[in-house]
Amino acid sequence: MKELYPEQLKQDKKIQDKKIQDKKIQDKKIQDKKIQNFKKILKICIEPKSLNEIITILGHKSIPTLKRDYIKPLVESGKLRMTIPDKPTSRNQKYVTNK
């Protein structure tokens, strides 16, 4: 029975390593997609676009998620700006790429 125990540990280690590798691959894919979406937003916002226009073009589903994950970081970094900065929640708010 002692001989089987180390073999089981090796199997468990292989399974754990595989899960870690799969997680890294998944994380990389998510990061790549986020980078692509950042680039798309900057490209489509050369002309001012509303959140509804951006979400339609990207095929995203949730405006709050789009704002949190993409718009806010781009605005904070200075790569994107609001057309009505003194009224950030205005229904007429649009976003444009900074040049």
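Modeller: An axis here is a line fitted to C-alpha atoms, for helices over the stretch in contact, and angles run from 0 to 180 degrees between N-to-C directions. Helices (H or I, at least four residues) and strands (E, at least two) are DSSP runs, numbered from the N terminus. The model is predicted, with local features needing pLDDT of at least 70 and side-chain atom pairs counting only at pLDDT 80 or more, while totals for chains, interfaces and linings use all residues. Residues are numbered from 1 along each chain as its sequence is written, and side-chain values use heavy atoms, with hydrogens and water left out.

Colleague: At roughly what angle do the axes of H2 and H3 cross?

Modeller: Helix H2 covers residues 51-58 and helix H3 residues 63-77. Angles of 65 to 115 degrees count as roughly perpendicular, under 35 as roughly parallel, over 145 as roughly antiparallel and the rest as oblique. H2 and H3 are therefore roughly perpendicular to each other. Their axes come within 11 Å and cross at roughly 85°.

Colleague: How many residues of the contact of H2 with H3 are nonpolar?

Modeller: Contact means heavy atoms within 4.5 Å, and here H2 gives Leu51, Asn52, Ile54, Ile55 and Leu58, while H3 gives Ile63, Leu66, Lys67 and Ile71. Ala, Val, Leu, Ile, Met, Phe, Trp, Tyr, Cys and Pro count as nonpolar, Asp, Glu, Lys and Arg as charged, and the others, Gly among them, as polar. The contact residues thus divide into one charged, one polar and, as nonpolar, seven.

Colleague: Which elements give two or more residues to the largest nonpolar core?

Modeller: A nonpolar core is a set of buried Ala, Val, Leu, Ile, Met, Phe, Trp, Tyr and Cys residues joined through side-chain atoms within 4.5 Å. Buried means under 20% relative accessible area, exposed over 50%, and partly exposed in between (1.4 Å probe, protein chains only). Of the 14 residues in this core, Ile41, Cys45, Ile54, Leu66, Ile71, Leu80 and Tyr95 touch the most other members. The elements giving two or more residues are strand S1 (80-82), H1, H2 and H3.

Colleague: Which residues does Ile54 contact, leaving aside neighbours within four places in sequence?

Modeller: Ile54 is one of the H2 residues that make the contact with H3. Beyond its sequence neighbours, Ile54 is in contact with Ile41, Ile44, Cys45, Lys49, Leu66, Ile71 and Tyr95.

Colleague: How far apart are the closest N and O atoms of Lys18 and Asp22?

Modeller: A salt bridge is a side-chain nitrogen of Lys or Arg within 4 Å of a carboxyl oxygen of Asp or Glu, and the structure holds five. Lys18 and Asp22 both lie in helix H1 (residues 4-44), four residues apart, about one turn of the helix. At 35% relative accessibility, Asp22 is partly exposed. The closest N and O atoms of this salt bridge are apart by 3.0 Å.

Colleague: Is Glu76 buried or exposed?

Modeller: Glu76 forms a salt bridge with Lys72, the closest N and O atoms being 3.9 Å apart. Both residues lie in helix H3, four residues apart. With a relative accessible area of 61%, Glu76 is exposed.

Colleague: Which residues does His60 touch, not counting those up to four places away in sequence?

Modeller: His60 sits in the loop between H2 and H3. At 25% relative accessibility, His60 counts as partly exposed. Not counting those sequence neighbours, His60 touches Ile55, Thr65, Leu66 and Tyr70.
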